[in-house]
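Work through the exercises below with the model open. Each task is followed by a stepwise solution.

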Amino acid sequence: MNHTVQTFFTPASTDHPLNYEMLKEEHEMATLGAPHNPAPPTSTMIHIRSETSMPDHVVWSLFNTLFMNSCCQGFIAFAYSVKSRDRKMVGDLTRAQAYTSTAKCLNIWALILGIVMTILLIIIPILILQAYQ
């Protein structure tokens, strides 16, 4: 390989004459500074969406489906939760948000109705037993 080394500032004690190209580059560097690019620098923005910002309520729906499935609301909420997760994976965030809010509403109603039914199933037999005594 052919390696050439150019020095811009040569010491005065050298006996070699300076060539024209070296002097020209030295002068340009001194007057202009570093070479400039006429185009402005470009930048790239990468938007990374956070997946944790929108829950899909699958676990809550599964709990309501297995334990407090009053009027099949837990199962319907589970179906909407799965639809929400599918839409989120595809990238359709507006539809995913709609399915998520429907699943959340159904889960709330299933939980409330399940708790009320559980309380009634405990209180009604106690009241019946007290009435016969």
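Helices here are DSSP runs of H or I with at least four residues, numbered from the N terminus. The model is predicted.

**Exercise 1.** Place T100 in the fold and state whether T100 is buried or exposed.

*Solution.*
Step 1. Find the element: T100 sits in helix α4, residues 93-132.
Step 2. Recall the cut-off: buried means under 20% relative accessible area.
Step 3. Apply it: T100 has 5% relative accessibility, so T100 is buried.

**Exercise 2.** Identify what surrounds T100.

*Solution.*
Step 1. Set aside neighbours within four places in sequence; the contacts of T100 are then M54, P55, D56, H57 and S84.
Step 2. Look for a polar contact: the side chains of T100 and S84 are joined by one of 2.5 Å.

**Exercise 3.** Describe the span of α4 and the packing of its buried residues.

*Solution.*
Step 1. Take the span: α4 has 40 residues and runs 58 Å from first to last C-alpha, close to the expected 58 Å.
Step 2. List the buried residues: A96, Y99, T100, A103, L106, N107, A110 and G114.
Step 3. Find their partners: these residues pack against α2 (58-66) and α3 (73-90).

**Exercise 4.** Set the annotated transmembrane regions against the model.

*Solution.*
Step 1. Read the record: an unreviewed UniProt entry places "transmembrane region" at residues 58-80 and 108-132.
Step 2. Check 58-80: this span is 74% helix and 0% strand, with its end C-alpha atoms 9 Å apart.
Step 3. Check 108-132: this span is 100% helix and 0% strand, with its end C-alpha atoms 37 Å apart.

Note on methods: Residues numbered from 1 in each chain as written. Predicted model: local features only at pLDDT ≥ 70, side-chain atom pairs only at ≥ 80, totals over all residues. Heavy atoms only, no water. Helix = DSSP H or I, 4+ residues; strand = E, 2+ residues; numbered from the N terminus. Buried < 20%, exposed > 50% of the residue type's maximum accessible area, 1.4 Å probe, protein only. Polar contact = N/O pair within 3.5 Å; in protein donor to acceptor, adjacent residues only side chain to side chain. Contact = heavy atoms within 4.5 Å. Expected span 1.5 Å × (residues − 1). UniProt positions renumbered as here; feature names shortened; annotations may be inferred.
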